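Let's take a walk through this fold, one neighbourhood at a time. Keep the viewer open and follow along.

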Amino acid sequence: MLPSDLNSISLRHYWPYLIAGAFGLAGVLCVLSQYKRPRRRPEDETAEEEEVAREVVERPKSDIDEDLHSRQLAVYGRETMRRLFASNVLVSGLQGLGAEIAKNLVLAGVKSVTLHDEGEVEMWDLSANFFLSEGDIGKNRAEACVQKLQELNNAVKVSSLTIPLVKEQLSDFQAVVFTDISLEKAIEFNDYCHSHTPPIPFIKCEVRGLFGGVFCDYGPEFTVLDVDGEEPRTGIVASISNDNPALVTCIDDERLEFQDGDLVIFSEIQGMPELNDGKPRRINGTRPYSFFLEEDTSKFGTYKSGGIVTQVKLPKLLHFKPLREAIKDPGEFLLSDYSKIERSALLHSAFQALDRFRAELGRFPLAGAVEDMAKIVEFVRGVNGEVGEADEKVLNIFLNGSRAILNPMAALFGGVVGQEVVKACSGKFHPIYQFFYFDSIESLPPEPLSPTDVKPLNTRYDAQISVLGADLQMKLENAKIFMVGSGALGCEFLKNLALMGVSCGPTGTLTVTDDDIIEKSNLSRQFLFRESHIGQSKSTVAASAAKLINPSLNITALQNRVGPETENVFNDEFWENLDAVINALDNVNARLYVDSRCVYFQKPLLESGTLGPKCNTQVVIPHLTENYGASRDPPEREAPMCTVHSFPHNINHCLAWARSEFEGLFEKTPTEVNAFLEDPEGYTSGMQSAGDAQARDKLESILECLERERCETFKDCITWARLKFEEYFASRIKQLTFTFPEDSMTSSGTPFWSPPKRFPRPLKFDPADPSHLNLLMAASILRAESFNVPVPDWAKNPKKFAEAVGKVSVPEFVPKEGVKIVTDEKATSVASASLDDAEVIDALSSNLEQLAKKLPSGFRMKPVHFEKDDDTNYHMDLISGLANMRARNYLIQEVDRFKAKLIAGRIIPAIATATAAATGLVCLELYKTLAGNRNLSAYRNTFANLAVPLFSMAEPVPPKTVQHGGTSWTVWDRWIIEGDLTLREVLDWLSAKGLSAYSISCGTSLLYNSMFPRHEERLDRKVSELARDVAKVEVPPYRRHLDVVAGCEDEEGNDVDVPLISIRFR
C-alpha cells in the first residue's frame, strides 16, 4: 500500500521541469482547435479518400511492442523507451550484483548487454547469482550467464567478454557498470569515460555482506530531461487579481500540488488575455488553492472567467565530478536511514580501506582477525579522524562479511543500479549525485556470532553463513513460508528465497498460490516466465522455475484465491504451522484479508508494493508492530456522477464515461436481455416488485435493444453506430446547452457555466475525419458481435464503409422543454424516480413479454466483456474514440490510444527495477523475522522512489494499546475461553474482568443485545447452538472453536474495545 501523499515527498531541489511536457499536447490541441479544413476541389476528393483509407485501415505501427512493454511504457513513455532500445551497456562482474543488474537491463529492453568477467564460477557464487548452478562451477561466469539472460528478452543482444578490458573498449557503450573493480582501475576507466566525447556514463557499485555502495559519473554536463516522471500539475483558475504580485485562486475541486519557485503557464483565461501568451511565469506563496504570481497584472485586463494553469517542467543540468576528485570531496551523500546520518561518511572510508587492503595483500580480510581489523581502522582513522567504539563495531561487521554477496543486497542494489543505467541512457529521472551507501546490520542475528558460527560448510550457502551464521541458515532452510501471489513481486521473491535457501531444508515448506494465468504483458517484469508459458498458471510455472534455481526448494504451487471462500483449503492447521507470510499482491482487499488472517493466527507478515519507480515495504510482527490494516490510505476520490455524465472537465472524466458506456451497451444490457429471455415472466415480475427508477431503466434498455435498436444485418449495426454518434456528440449536447444556455445563472446568481464546468459544442459528423470513421467502425463491429451478426469482408474497407455510413438517414434533432438533467454532485444515478414508475414498469413489462414471443426461437445476445490487452478486439478503439469525441465536445485535450488504454484499463505502471529493490528490502526483514528478533528498532519500513531518488526508512509503529482495569491489550491479543459455554457464562466471564457486555455477535449476526427483551431467553443456551441457529454459522469439523465479538462498557459506561473472543467448545 503506497502512501497517499507520495507526490508530496519530492525534495525541493528535484523540481526543475521540462517545458515540452507542459507545452506539447496543450499546444497541439490549441493549433488543432483553430485549424479549418480547406474547401475541397473535386479533383482532390479521390486522393483524400485514399488518404482516409490509409488512416482508417492501417493502425499506426509502433516501434515498441505495447503488449509486452505496456506497464513499462506507462512509466517511461515512448521517447525514453526508444533511447533505451538504442543503448549498448557493459556490465562488468557477474557475481550476484552484476547478474541482478543485467537481468533488469535485459527486461527493460536496452539494445545490448555485454557481460564481462574474467573469473570462474565457484560454489560461493550460487547464493547470489540465480543464473548459475552447480553444473556451471569451473566455467567462466560471464559465459555461464549469457544463454539464460538471453532467454529473458530475445530483442536484446547478450554477449560476453572474458579477457581483461582496456579503456578504449568502453567507447562502444552508452553506459558502463563495474561491480568488482579496484579503485585504481576504476579511476583509470572513469577518467577515460569522463573525458570522452560524448561522455560515457560510468557507474561503480559493490555489495559487501550487509553493506553496499554506488558511485555515478555521467560526465561534465548531463541533462536530466524529466526529473521525477510525474505529469505536470494543473489547476482550474477561479480568479486573478490586478495586483503586484497577483493573487491567483483556483477552484477547491482538488488541492494544488504546486511548490514555491515553480514555473507555470496559463491558457483559456478570459478577460486577462495577456496571460495566454504561453510564457512561463514563476509562482510563490503557494497554498492548497491559491498562489502568488511574480508579475504585475495591475495594467492587465480584468479577469472574467475560465482558465487552466499548468506546471512547466524544465530540464536540469548536472555537473558530475570524476571519481579521482569525488572520492576526496564526495559532497552530500544520498541518505536512506536518518537514524544513521553519519554512517555514509564512515562507509565511504571503509570501502576505500577494503580496496587498499585487497590491493596490498591480495585477499579479503579474515573474519575475527585482529591484525586485519587494525589495518582497516588505521586507514579509516587517517581519512575520518577519530574512530569511536560504535564505528569500530560497524567496521568489524563490514570486514567480517566483506567477501560475501548476499542475495537480498544484490537484489536491492540491482534495482537501484539498473535504474541508474536507464537514467544514464535516457535522461529520464534524476541520477544519484554522486555517492549512495546503505547497510542493514540490523539483519544480523540478535545473539553475537562466534568464529565457529560463520565457518564455511562447503555448501552453496557459505557466503550467507559467513555473514549471518549457520544457526540462522538452518532456520531459513526449515522455515514454513506462505507466499500469496506469483506475479512480478512473486517472481522476484521466489528467486530470492531459492538463493537464500529458504524452505530448502528437511522440514522447510514454501507454499505459493495465485489464481492468475500468464499474459504477454507479464514477460517484461516477471522474469521466471517465457513466451511459451502464456496461458499457463503463474504459480505452477513460477514454482518450477524456482526449483531449477535451487533443486532443494520444497515448494508447493496452488491456484487458489486466498479469501473466505477458500478457508477450507487454507484452514486453521495450515495457518498455525506457518513461520511467516509474504504478500506479493496487487490489490488492497486481498492484502487486508491476508493481514486479518496473520493477526488472527499471530503470524509475521512481510508486505510490499510498487507503483512505477516507487516502492514501499512494511514488516508486521505479532505484538511488536501495528498490523497492515491499522492504517489505511484514504479512498481514491471519484468524480461525481453528474460530472462524468454531463460536465466533464478533464480527459479522465471522458474516459470514465466511455468505459461506462462500453460496459452498458455491450456487457450489461446484453446480460439483462439474456436474463429476461431465460424467464420473461419471472424477470418482469422481479422488476415490478422492485418498482424503482433503476428497474424502469433496465426494462427500457431491454425494450430499446430488442425493438427499436435490434440489429439483424451488419448495415443495421452501421445505422445504429451512426445514430449513436449523433445522439452522444450532437443531440445530447444540443439538449444540454438548450436546457442550460451559455449565459445561464444559478439560483445564487452566479454563472451556471463557471469553472470547473466547460461549455460544450456539438460535433458535426465528418466522413472525411478518420477518427469519426474509426469510431463508427469499432462500434459497428462490436454491435455485430453482441447480436451474433456476421461481419462482412467489406466492413473494414474504409471507402465502402464510408459509403454505407453515408446512406444512413439521420433525423434532425429538436431540443425539448422540461428535460431534467442531473446537476447534483451527490447524486449516484442519472435515473430519477417518479410517481408513475410502477405504472410505466407494468406497461414496459407487458410490451416486453409480447415482444419476447416474436423473437426467433433461442435468440440470445452475446455480452462483450472488456479486455484491454487485446489490440484486435476493437474494445480500446471504441473507448478511446468515444472519449476523444467527448473531449472535442468540451474542448478538452485528447489522448492517444495507448494513454487511453492506461487510464480506462486502469493499468498500474510497473518496472522491474522497483520490484527488485522492494523484494530485496523485504528479504532483509525476513532475516530478522526468522531469527526471532524482538527488538522493534531492528526492523525497518521503507518508502523509496528510484526516480527522484529518495529513500525513507523508519522503525515500524508499535500496535495501539488499550488499557482497562490494570490490564492492557492490542489488536494482536485474543481472549480464549475453554468449554462449551452458555451466553450467560460468557457474560459472567467478562463481568469478572470489570466489563459489562451489552452485545455479543457472531459473523454478521447479533446473538445478544441487552436492549432486546427477547434476547434474555437466549442467556442459558450454548453459544455454539446460537451461532448455528441464529447466525447460521457452521463450524467446520477441523475447527475446535468459534469466534464472537463483544461490545463492552466499563463501570462508568464508557465503551471499551476488547479483543476477539474465541470459545473452544470442542
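In this predicted model, helix α20 (residues 651–678) and helix α22 (residues 693–708) have axes that come within 9 Å and cross at roughly 90°. That crossing angle is why we can call α20 roughly perpendicular to α22. On the α20 side, the residues that meet the partner are T669, E672, V673 and F676, and on the α22 side they are K698, S701, I702, C705 and L706. Sort this contact by class and you get 5 nonpolar, 2 polar and 2 charged residues. The spacing along each helix fits a familiar rule: an α-helix has 3.6 residues a turn, so residues three or four places apart point the same way.

Now jump to helix α18, residues 588–601. Its 14 residues reach 20 Å from the first C-alpha to the last, close to the 20 Å expected at 1.5 Å a residue. Is α18 buried or exposed? Of its 14 residues, 11 are buried, so α18 is largely enclosed by the rest of the structure. The buried set takes in A590, R591, L592, Y593, V594, D595, R597, C598, V599, Y600 and F601. Notice that R591, D595 and R597 are in that list.

Next comes a sheet. It's an open one with 7 strands, in the order β3-β2-β1-β4-β5-β6-β15, and the pairing is mixed. The edges belong to β3 (157–161) and β15 (435–439), each with a single partner strand, so one side of each is left without a neighbour in the sheet. From one strand to the next, the twist averages 15°. Two helices lie across this sheet. Helix α6 (residues 141–150) lies across β2 (112–116) and β3, running at about 175° to β3. Helix α7 (residues 183–195) lies across β4 (175–178), β5 and β6, and runs at about 155° to β5.

Stay in that sheet and zoom in on β6. How many of its residues are buried? The count is 7 of 7, so β6 is largely enclosed by the rest of the structure. Both of its faces are covered: F211, G213, F215 and D217 are buried on one side, and G212, V214 and C216 are buried on the other. Strand β5 (residues 202–208) pairs with β6 (residues 211–217) in the antiparallel sense over 7 bridges. Within that pairing, C205 stands opposite V214, and E206 has G213 as its bridge partner. The two strands make a hairpin with 2 residues between them, and G209 in the turn has a positive phi of about 60°. β6 also pairs with β15, again antiparallel, over 5 bridges. There V214 turns up once more, with F436 in β15 as its bridge partner.

Last stop: strand β9, residues 246–250. In a regular strand the side chains alternate between the two faces of the sheet. β9 shows this alternation, with A246, V248 and C250 pointing to one face and buried, while L247 and T249 point to the other and are not buried. Strand β8 (residues 234–240) runs antiparallel to β9 and is joined to it by 3 bridges, and the pair forms a hairpin with 5 residues between the strands. Here V237 stands opposite C250. β9 also pairs with strand β12 (residues 290–293) in the antiparallel sense, over 4 bridges, with A246 opposite L293.

Terms used. Residues numbered from 1 in each chain as written. Predicted model: local features only at pLDDT ≥ 70, side-chain atom pairs only at ≥ 80, totals over all residues. Heavy atoms only, no water. Buried < 20%, exposed > 50% of the residue type's maximum accessible area, 1.4 Å probe, protein only. Pairing = 2+ DSSP bridges. Axes fitted to C-alpha atoms, helices over the stretch in contact; angles between N-to-C directions. Parallel < 35°, antiparallel > 145°, perpendicular 65-115°, else oblique. Contact = heavy atoms within 4.5 Å. Nonpolar A, V, L, I, M, F, W, Y, C, P; charged D, E, K, R; others polar. Expected span 1.5 Å × (residues − 1).
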